[in-house]
Amino acid sequence: MKKIAIVTDSNSGISQKEAKSLGDLYVVPMPFIVNDEEYFEDINLTQEEFYQKLAEDADISTSQPSIGGITELWDDLLKKYDEVVHIPMSSALSMSCETATNFAKGYDGRVHVVDNHRISITQKQSCLDALTLAKEGKSGAEIKDYLLKTKADSSIYIMVDTLKYLKKGGRVTPAAAAIGTLLKIKPVLQIQGGKLDQFAKVMNEKVARQKMIAAIKKDLQERFSDLVAKGEMVVACAYTNCREKAEDFARQVKEELPNVELKWVDPLSLSVSCHIGSGSLAVGCMRKVK
């Protein structure tokens with residue numbers, strides 16, 4: 001049986017500590033430029049420090065991980081593993097996946113880059129599935145095939161608490177942001193196939209929560225009904241800098257979806273957070289290896 005390492009990036013929401021506890025999983029930290037200084041998520045930039053800088057209106061932007069750093073990690077891992085399965089964030093949200101795919105061609109089939117259009121909680125599930133399949137004796141190619149075959153079996157809905165950062169990123173106009181803030185509008189975004197798009201606009205957080213839960217329930221009852229019947233769908237919640245609020249939301253989700261496993265309540269990756277700010281809530285559903 002081949003020994004396989006799973007590599008992902010911190011967009012998955014998997015911390016360095018959690019990766020070590022899982023074994024055979026390695027997390028590439030995402031780089032951030034904060035006021036012209038480079039930081040790395042979960043290395044020299046904690047969640048608390050990030051949100052403090054965000055609150056101080058620091059100039060924050062995301063960047064790609066160094067391909068040299070990634071290939072160096074692959075080289076080190078291939079000294080003790082037979083193959084590497086690399087699961088980066090969706091190619092629809094970053095060029096890092098395409099870059100890694102091109103460089104993997106020089107590894108004679110020992111490095112498998114998976115573009116299964118995942119981010120955050122759904123990307124995390126892909127990594128856990130890859131670990132499970134590796135322990136079952138699947139090859140790197142077989143793991144990649146499974147993750148690509150099931151890439152569309154997920155969805156995420158996100159309530160944005162403030163329009164400030166969507167305006168800053170050019171996703172809404174200043175005028176629309178001003179009116180939305182005045183009316184206390186809460187946008188609900190969706191991630192389907194790795195792309196972040198608008199799903200709905202509601203008047204308050206209570207309605208936003210109901211809207212997201214209804215959307216996930218509809219997905220589970222319609223798009224994924226066969227998978228739910230097989231016990232292959234799970235849900236998870238995520239948040240930006242509002243743990244207590246997220247736990248309350250997770251209780252709502254569990255009450256509304258008692259027959260589907262709620263796997264975790266995790267912070268959203270900082271790469272997502274820098275575009276939506278603090279106070280956001282998210283719920284997602286995704287297929288898991290049974």
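**Questions about a predicted model**

Tutor: Let's start with aspartate 42, which has its place in the loop between β4 and α2 (47-55). Keep in mind that this is a predicted model.

Student: Why does aspartate 42 count as partly exposed?

Tutor: Its relative accessibility is 37%. Buried would need a value under 20%, and exposed one over 50%, so 37% puts aspartate 42 in between.

Student: And what is notable about the phi of aspartate 42?

Tutor: The angle is near 70°, a positive value in a residue other than glycine. Most residues other than glycine have a negative phi. Serine 120 is another case: phi is about 60°, and this residue isn't a glycine either.

Student: Where does serine 120 lie, and how do you know whether it is buried or exposed?

Tutor: Serine 120 belongs to helix α5 (residues 120-135). The relative accessible area is 3%, and buried means under 20%, so serine 120 is buried.

Student: What about threonine 150: buried or exposed?

Tutor: Threonine 150 sits in the loop between α6 (140-149) and β8 (154-159). Its relative accessible area is 3%, which is under the 20% limit, so we call threonine 150 buried.

Student: Which residues is threonine 150 in contact with, leaving aside its neighbours within four places in sequence?

Tutor: Those are Arg118 and Arg287. And here's a nice case of folding: asparagine 116 is 34 residues from threonine 150 in sequence, yet their C-alpha atoms are 7.9 Å apart in space.

Student: What makes you say that strand β6 is largely enclosed?

Tutor: Count the buried residues: 5 of the 5 in β6 (residues 83-87) are buried, so the rest of the structure largely encloses this strand. Both faces are covered, with Glu83, Val85 and Ile87 on one side and Val84 and His86 on the other.

Student: How do you know that β1 and β6 pair?

Tutor: Pairing takes at least two bridges, and β1 (residues 4-9) and β6 have 5, so they pair. These two strands run parallel, and alanine 5 faces valine 84 in β6. Also parallel to β6 is β7 (residues 111-113), joined to it by 3 bridges. There, valine 84 stands opposite valine 111. To get from β6 to β7, the chain passes through helix α4 (residues 96-104), a right-handed β-α-β crossover.

Student: Which way do β3 and β4 run, parallel or antiparallel?

Tutor: Antiparallel: 4 bridges join β3 (residues 31-34) to β4 (residues 37-40). Phenylalanine 32 has tyrosine 39 opposite in β4. The hairpin leaves 2 residues between the strands, and asparagine 35 takes a positive phi near 50° there. β3 also runs antiparallel to β5 (residues 60-62), with 3 bridges, and isoleucine 33 has serine 61 as its bridge partner in β5.

Student: Which residues of helix α3 are buried, and what puts them on the same side?

Tutor: In α3 (residues 67-77), they are Ile70, Thr71, Trp74 and Leu77. They span an arc of only 120° around the axis, so they share one side of α3. In an α-helix with 3.6 residues a turn, residues three or four places apart point the same way. Among what covers the buried residues of α3 are β1, β6 and α4.

Student: Why do we say that serine 66 caps α3?

Tutor: A side-chain oxygen of serine 66 lies 3.2 Å from the backbone nitrogen of glycine 68, at the N-terminal end of the helix. A polar contact must be within 3.5 Å, so 3.2 Å meets that limit.

Terms used: Residues numbered from 1 in each chain as written. Predicted model: local features only at pLDDT ≥ 70, side-chain atom pairs only at ≥ 80, totals over all residues. Heavy atoms only, no water. Buried < 20%, exposed > 50% of the residue type's maximum accessible area, 1.4 Å probe, protein only. Contact = heavy atoms within 4.5 Å. Right-handed = clockwise from strand over helix to strand, strands pointing away. Arc of directions from axis to C-beta. Polar contact = N/O pair within 3.5 Å; in protein donor to acceptor, adjacent residues only side chain to side chain.
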